[in-house]
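Please open the model in your viewer and keep the sequence panel beside it, since this tour moves from one selection to the next. At each stop, make the selection first and then read what is there.

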Amino acid sequence: MPYHLATAQYQGLVYHNNYAITSLAIGLKTRYNRHMHKQYGFTIVEVIIIIVVIAILATLGGLVWRNAYNTARDNETKSNISMLKEAIEKYRSDNGEYPWPTSACTIYNTANMKICNGGELGALLIPRYIKQLPKDHEGRDYWYLAATDTTHASSVVPTRYAIKVLLSDGTTCRTGRNMQNGWFGGVPECNF
């Protein structure tokens, strides 16, 4: 057997082709390389976990933002209705009756009721009682219903009214003075 192919071991040394390498050094070098090389990046499981956590946080943040947004819209609606009701009450205080628009309003059920939804109150309330008529959060005029006293057949003085309110959740309610249950198709009374 030729010398260059011969391998001999002497006191833990391995001779191969005239190179002396310890078997211990080979083992250490292999372990060192395995543990010292840093792995950069994330595993697929880590990426999925990060995506799920971000999705949960975004969903919770969106819900909180949506609730705050709806609350702000409802508060604005309450403020608008309060201003409109105040203007209507001032009108009644000065004129002895609630506003009874004469143009473009529809006779509702009987001759003693009118319903308006095109800003007809503006002709009676602006600028003396209110600067401008407020609109709902969709930019439309509030529905206004006025009625005369039904106990006196000859009465033409409006003694009650209602305003139909659109809330941020899409439901409607009504508010006003001396309202009847069937107005606006039985819409419930507002809690403000």
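Strands, as the word is used here, are DSSP runs of E with at least two residues, and they are numbered from the N terminus. Keep in mind throughout that this is a predicted model.

Begin with the whole chain, coloured by secondary structure, where you should find 3 helices and 8 strands, following the pattern β-β-β-α-α-β-β-α-β-β-β when read along the sequence. Of the 192 residues in the chain, 28% are buried, and the accessible surface comes to about 13,400 Å², with 58% of that area belonging to carbon and sulfur atoms.

Next, select residues 143-148, which form strand 6. How many of its 6 residues are buried? The count is 5, so strand 6 is mostly covered, where buried means under 20% relative accessible area.

Now add the strands that pair with strand 6. Strand 5, at residues 113-116, runs antiparallel to strand 6 and is joined to it by 4 bridges; one pair to pick out is Ile-115 with its bridge partner Leu-145 in strand 6. Strand 7, at residues 158-166, also runs antiparallel to strand 6, and here the two are joined by 6 bridges, with Tyr-161 in strand 7 serving as the bridge partner of Ala-146.

Stay in strand 7 and select Arg-160, which has its place there. Is this residue buried or exposed? Arg-160 has a relative accessible area of 10%, and because that is under 20%, it counts as buried. Show its side chain as sticks, and you can follow it to the backbone oxygen of Thr-148, which it reaches at 3.2 Å.

The next selection is the largest nonpolar core, which has 21 residues, and those with the most contacts inside it are Leu-84, Ile-88, Leu-121, Leu-125, Tyr-144, Ile-163 and Val-165. Helix 2 (44-95), strand 6 and strand 7 each supply at least two residues of this core, and helix 2 gives the most, with 5 residues. In soluble globular proteins, nonpolar side chains tend to be buried together.

To look at one member in detail, centre the view on Leu-121 and leave aside its neighbours within four places in sequence; the residues in contact with Leu-121 are then Leu-84, Ile-88, Pro-99, Pro-101, Leu-133 and Tyr-144. Finish at another core, which lies apart from the one just visited and has 9 residues, among them Met-113, Ile-115, Phe-184 and Val-187.

How values were computed: Residues numbered from 1 in each chain as written. Predicted model: local features only at pLDDT ≥ 70, side-chain atom pairs only at ≥ 80, totals over all residues. Heavy atoms only, no water. Buried < 20%, exposed > 50% of the residue type's maximum accessible area, 1.4 Å probe, protein only. Pairing = 2+ DSSP bridges. Core = buried A, V, L, I, M, F, W, Y, C linked by side-chain atoms within 4.5 Å. Contact = heavy atoms within 4.5 Å. Areas by Shrake-Rupley, 256 points an atom, 1.4 Å probe, with all protein chains shown as cover. Polar contact = N/O pair within 3.5 Å; in protein donor to acceptor, adjacent residues only side chain to side chain.
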